[in-house]
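Me: I have a structure open in front of me and would like to learn how to read it. Could you take me through its features one at a time?

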Amino acid sequence: MTLTALKDPRRYFDAVDAERHAEAKTPPVCLYLEVTNRCNLLCETCPRTFEELEAPADMSWELFTSIIDQVPNIARVVMHGVGEPMLVKNLPEMIRHLKARGIYTLFNTNGTLLTPRKQRELIETGLDELRVSLDAADAKTFLAVRGKDFFNRIVRNISSFTALQAELGATKPLVSMWLTGLKETIGQLPDFVRLAAKIGVREVHLQRLVFDEEGFGLARAASALFAQAQAEEEQAINAAHEIATALGVRLNASGATEPGLSLKPQAEERPWATCRRPWSLMYFTAHGRALPCCIAPFSARGYENYTLGDATQQSLREIWNGPAYREFRRALLSDAPPKPCQHCGLRWSL
C-alpha cells in the first residue's frame, strides 16, 4: 500500500499484515498524541471528569518532536486524547511540523475555543480534519451531557469557521460534527443533521459510547444504547439518514460504520480478535506514557494496569517490540485478552 493511501483515515488499518504475532513486523503507521490532558468542560462521557488519570499537563515540544522524529514514515497523527487540544498554545506549530513531513493530521475539539484568530491559524496550518464534538442539537441537552452552557458559542464558532473557509476558498480542514449516541441524545440526531447542514458542515458522525458491567464505561447503563436501541431510536436514525441524503450531508458512525449497525451487538464470540491497533498505532499521553489505543483510558481504571512504555525514558523502537508490548499482543491473540480488551468490538466502539 502506498503512503498516499495510508493518509486516508478510513484505510490506514489496511496496512497491517493479516498475520499478527507478539512481535510487530512493521513500525506503526499511526500515532495518537495526547497534546494535552487538560479540558474546559465536564462531559458525562469522559473519565477525566470523575478521576485524575495523570497530573494536568501539555505535551512538551521536545517530547512531541522526539516521538515524531523517531517514526520517519508515519502516515497519520491524531492530536487528541482525554483533553482539549485547542488549550495548547503551540498547537499551530505542532500541526505545521507534522504537515511539513506530509503527515495526515487531525484532532477532535469541543469547539469552545475556536475563535476567529484561531480559525484562520488552523486553516493556514494545512490541518486535514477538524472534528467537533457537539453532542446535542439544543442548549438544554448540551448542558446535560457536556456540563457547561457553551452550545450557542460552539454553533457560532463552527458557522464562522465554515464561512471563513468559503471566503478563503479553503478545502481543508474537513469539518465534521459528532454526536454521542446516548438515550438523552439519539432522538436529536435528525435535528443534529439539519443543524450541521445549516452551518456549513457536510459530515456527521454518530459516536457509539457504551458501558461495561464493572462500571468502566463511557455511559451510564441507563444512558447506553448498545444492544438496547428501541423502535423510536431506530426511527430517529432512519429519519436522520433521509434528511442527510436530502441535504447532502454524509452520516456515519464511529469507525466509518453505518449508524444503526454501530448500536447492534456483533456475533463474534471473541470480539477482541479482529483488533489491529497494537500492530498499527501507538498512543502517548501528555506525559509520554504509551498506551495500547485511544479506547484504553476509557475501559479500565488505572493507567498502570496497561502502560506499555515511557517515551521519556525509552525509544519508540524499544517500546514497540519491548516485553510489555509483546506480552500485550500475545494476550490479545489468546482466549484470555488483556482486561481493557475483553469486550472491545462487542461493547466498545471500534
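Reply: Gladly. Helices (H or I, at least four residues) and strands (E, at least two) are DSSP runs, numbered from the N terminus. With that in hand, look at helix α7: it is followed by Gly200, whose phi is positive, near 90 degrees. One note on what you see: this is a predicted model, where local features need pLDDT of at least 70 and side-chain atom pairs count only at pLDDT 80 or more, while totals for chains, interfaces and linings use all residues. Residues are numbered from 1 along each chain as its sequence is written, and side-chain values use heavy atoms, with hydrogens and water left out.

Me: How many helices and strands does the chain have?

Reply: There are 13 helices and 10 strands.

Me: How do I read whether a residue is buried or exposed?

Reply: Buried means under 20% relative accessible area, exposed means over 50%, and partly exposed is in between (1.4 Å probe, protein chains only). In this chain of 350 residues, 56% are buried. Helix α7 is a good case: seven of its 10 residues are buried, so the helix is largely enclosed by the rest of the structure. The buried ones are Leu189, Pro190, Phe192, Val193, Leu195, Ala196 and Ala197.

Me: What about the accessible surface of the chain as a whole?

Reply: Accessible areas come from the Shrake-Rupley method with a 1.4 Å probe; for residues, only the protein chains shown count as cover. Here the chain's accessible surface comes to about 15,000 Å², and 50% of it belongs to carbon and sulfur atoms.

Me: Now the strands. Which ones does β3 pair with?

Reply: Two strands pair if DSSP finds at least two bridges between them. Strand β3 covers residues 104-109. Three bridges join it to β2 (residues 76-78), and the two run parallel; one bridge partner pair is Arg76 and Tyr104. Strand β3 also pairs with β4 (residues 129-133) in the parallel sense, over four bridges, with Leu130 in β4 as the bridge partner of Phe107.

Me: What links these strands, and what does "right-handed" say about the link?

Reply: A crossover is right-handed if, with the strands pointing away from the viewer, the path from the first strand over the helix to the second runs clockwise. Strand β2, helix α3 (residues 91-100) and β3 make one right-handed β-α-β unit. Strand β3, helix α4 (residues 116-125) and β4 make a right-handed β-α-β unit as well.

Me: Which residues of β3 are buried on each side?

Reply: On one side they are Tyr104, Leu106 and Asn108, and on the other Thr105, Phe107 and Thr109. That is six of six residues in the strand.

Me: How should I look for a nonpolar core?

Reply: In soluble globular proteins, nonpolar side chains tend to be buried together. A nonpolar core is a set of buried Ala, Val, Leu, Ile, Met, Phe, Trp, Tyr and Cys residues joined through side-chain atoms within 4.5 Å. The largest one here has 76 residues, and those with the most contacts inside it are Leu31, Met79 and Phe284. Apart from it lies another core, of 17 residues, among them Cys30, Tyr104, Phe298 and Tyr306.

Me: What does Met79 touch beyond its neighbours within four places in sequence?

Reply: Contact means heavy atoms within 4.5 Å. The partners of Met79 include Leu33, Val35 and Phe64, along with Leu91, Met94, Ile95 and Leu98. Thr105, Leu106 and Phe107 are also among them. For the chain in general, residues 24 or more positions apart account for 72% of the contacts with a separation of 6 or more.

Me: And how do I read a salt bridge?

Reply: Side chains of opposite charge can pair when their charged atoms come close. A salt bridge is a side-chain nitrogen of Lys or Arg within 4 Å of a carboxyl oxygen of Asp or Glu. The whole structure has 11 of them. In one, Glu54 meets Arg289, with the closest N and O atoms 2.8 Å apart. Glu54 lies in the loop between β1 (30-33) and α2 (61-69) and Arg289 in strand β9 (residues 289-291), so the pair ties together parts that are 235 residues apart in sequence. Glu54 is buried, at 11% relative accessible area, whereas Arg289 is partly exposed, at 25%.

Me: Where do Arg96 and Glu93 lie?

Reply: Both are in helix α3, three residues apart, about one turn of the helix. Their side chains meet in a salt bridge (3.3 Å, N to O).
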